[in-house]
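Subject: A structure for you to explore

Hello,

Here is the structure I promised to send you. Have a look around it first, and then read my notes below.

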Amino acid sequence: MGPLLLRPNYISPVWSGPRVNEARGLAGETLYGESFDVSVHEGLVNTVEGGPFDGVPLDELIRAHRTEIMGELADDGVVQIIVMDAGENLSVQVHPDEAYARAHESDHEKTESWYILAADPGAFIYCGTTTDDVEALRAAAADDTLGEKYGRRVPVSEGDFVLIPAGTLHAMGKGVFALEVGSLGFKTYRICDWGRGRELHVERGFDVLRTESRPEPNRLGPFDPAAGPGVRRGVTHRVFASDVIDVRGSWEQGMEGRYEVLSCVAGTARVRTEDGACELPFTRSLLMPASAGSYIIEGTCRVLRSYATRPGEAE
């Protein structure tokens with residue numbers, strides 16, 4: 001089985017910026033601030049774009065070809081990929097860990113990471129709190145000022161990669177364009193929404209909040225077409241990991257008995273295997289089935305290689 005390009009599912013939140021539309025050539029007045037590009041979560045399942053499985057929902061394809069696609073991994077979920085452009089601040093939110101999500105939401109943990117595709121001068125993300133005083137945080141949540149009063153601002157620029165574990169207070173700030181690599185879950189608890197009036201989930205948010213979590217970005221720098229090729233670790237978590245591959249010409253990558261998700265975050269890539277090839281433009285992602293065994297990336301580009309980790313592989 002060759003690489004599987006997937007049709008994006010576009011969403012237009014209230015905070016949408018224009019850069020998803022611009023990157024994908026989407027016409028019209030509607031701004032799509034989110035593009036769910038790889039997901040098998042209920043209501044967000046992608047379908048295959050092109051090739052012999054064109055139009056087949058990804059979850060159905062996995063059930064029909066489980067070992068061929070997933071390889072040795074036991075879970076049928078896949079690493080999720082979302083592209084987001086924040087025209088305004090996103091809501092200040094927190095996600096549950098695996099135990100809480102399974103017990104209260106019939107879902108999985110949502111740990112995520114953001115690779116910064118572009119950022120306006122002075123742009124930042126909210127990542128953690130500036131205080132451990134939970135009562136002060138609750139008081140600020142009560143009048144929807146928690147982000148302004150206690151959100152920890154972290155400046156970001158192109159090439160930064162930040163891991164946001166479950167339980168971390170976070171929000172993408174205005175002017176940030178990012179690709180999210182995340183775990184299997186989807187549940188989000190809004191604690192602050194900047195007075196927009198949307199539903200908040202304060203009690204459950206505080207159930208899972210970890211005020212000690214204050215991540216720092218891995219500052220990899222922008223892609224430099226003149227520099228040499230190479231691979232570096234972007235983020236590592238017990239659920240997933242993502243490597244950053246810089247390519248000039250071609251890069252051959254062996255696989256380790258499991259599927260991978262490839263995302264082009266600079267330039268344009270062409271990905272080929274013995275069973276097929278696929279063009280991968282800037283911001284697009286594909287699913288590489290485990291049965292491919294290896295693949296070659298061609299072009300002058302930067303590609304994220306994301307995959308589910310095995311138990312004990314990355315703690």
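What follows is a short tour, from the whole protein down to single residues. Please keep in mind that this is a predicted model.

**The whole protein**

Let's start with the overall build. The protein has 7 helices and 20 strands. Its radius of gyration is 19 Å, close to the 20 Å that the globule rule gives for 315 residues, so the protein is as compact as a globular protein of that length. Along the principal axes, its C-alpha atoms fill a box of roughly 60 × 45 × 40 Å.

How much of the protein is buried? Of its 315 residues, 55% count as buried. The surface that the protein exposes comes to about 12,600 Å², and carbon and sulfur atoms supply 48% of that area.

The contacts tell you how the chain is folded back on itself. Among contacts with a separation of 6 or more, 76% are between residues 24 or more positions apart. As for charge, there are 31 positive and 49 negative side chains, and the centres of these two sets lie 2 Å apart.

**Aspartate 37 and threonine 283**

Now find aspartate 37, which sits in strand E3, covering residues 34-38. Is aspartate 37 buried or exposed? Its relative accessibility is 2%, and because buried means under 20%, aspartate 37 counts as buried. Its side chain makes a polar contact with the side chain of serine 35, at 2.5 Å. Leaving out residues up to four places away in sequence, aspartate 37 touches Leu6, Pro8, Arg24, Asn46, Ile81, Val83 and Thr283.

The last residue in that list deserves a look of its own. Threonine 283 lies in the loop between strand E18 (276-280) and strand E19 (285-288). Threonine 283 counts as buried too, at 1% relative accessibility. Its backbone is worth checking: threonine 283 has a positive phi of about 80 degrees although it is not a glycine.

**Another positive phi**

Tryptophan 194 also has a positive phi, of about 55 degrees, and it is not a glycine either. You will find tryptophan 194 in the loop between strand E12 (189-192) and helix H7 (202-208). With a relative accessible area of 26%, tryptophan 194 is partly exposed.

**Threonine 131 and valine 134**

Next, go to the loop between strand E7 (124-129) and helix H5 (134-142), where threonine 131 is found. Threonine 131 has a relative accessible area of 17% and is buried, because the cut-off for buried is under 20%. Its side chain reaches the backbone nitrogen of aspartate 133 at 3.0 Å. Apart from residues up to four places away in sequence, threonine 131 touches Leu137, Tyr150, Thr211 and Arg214.

Valine 134 is in helix H5. At 33% relative accessible area, valine 134 is partly exposed. Which residues does valine 134 touch, not counting those up to four places away in sequence? They are Phe206 and Thr211. Valine 134 and threonine 211 are 77 residues apart in sequence, yet their C-alpha atoms are 8.0 Å apart in space. Thr211 is also on the list for threonine 131, so try showing these residues together on your screen.

**Alanine 118 and glycine 173**

Alanine 118 belongs to strand E6, residues 112-119. Its relative accessible area of 22% makes alanine 118 partly exposed. Setting aside neighbours within four places in sequence, alanine 118 is in contact with Arg19, Gly175, Val176 and Phe177. From C-alpha to C-alpha, alanine 118 and glycine 159 are 7.9 Å apart in space, with their positions 41 residues apart in sequence.

The final stop is glycine 173, in the loop between strand E10 (170-172) and strand E11 (176-182). Glycine 173 is buried, with a relative accessible area of 1%. Beyond residues up to four places away in sequence, glycine 173 touches Ala86, Asn89, Phe124 and Ile125. For a longer span to trace on screen, take glycine 173 and glycine 312: they are 139 residues apart along the chain, and their C-alpha atoms are separated by 34 Å.

Enjoy exploring, and send me your questions whenever you like.

Best wishes

How values were computed: Residues are numbered from 1 along each chain as its sequence is written. This is a predicted model: local features need pLDDT of at least 70, side-chain atom pairs count only at pLDDT 80 or more; totals for chains, interfaces and linings use all residues. Side-chain values use heavy atoms; hydrogens and water are left out. Helices (H or I, at least four residues) and strands (E, at least two) are DSSP runs, numbered from the N terminus. Buried means under 20% relative accessible area, exposed over 50%, partly exposed in between (1.4 Å probe, protein chains only). A polar contact is a pair of N or O atoms within 3.5 Å; within protein, one must be able to donate a hydrogen and the other to accept it, and residues adjacent in sequence count only if both atoms are side-chain atoms. Contact means heavy atoms within 4.5 Å. The radius of gyration is taken over C-alpha atoms; the globule rule is 2.2 Å times the number of residues to the power 0.38. Accessible areas come from the Shrake-Rupley method with a 1.4 Å probe; for residues, only the protein chains shown count as cover. Lys and Arg count as positive and Asp and Glu as negative; His and the chain ends are not counted. The place of a charge is taken as NZ of Lys, CZ of Arg, CG of Asp or CD of Glu.
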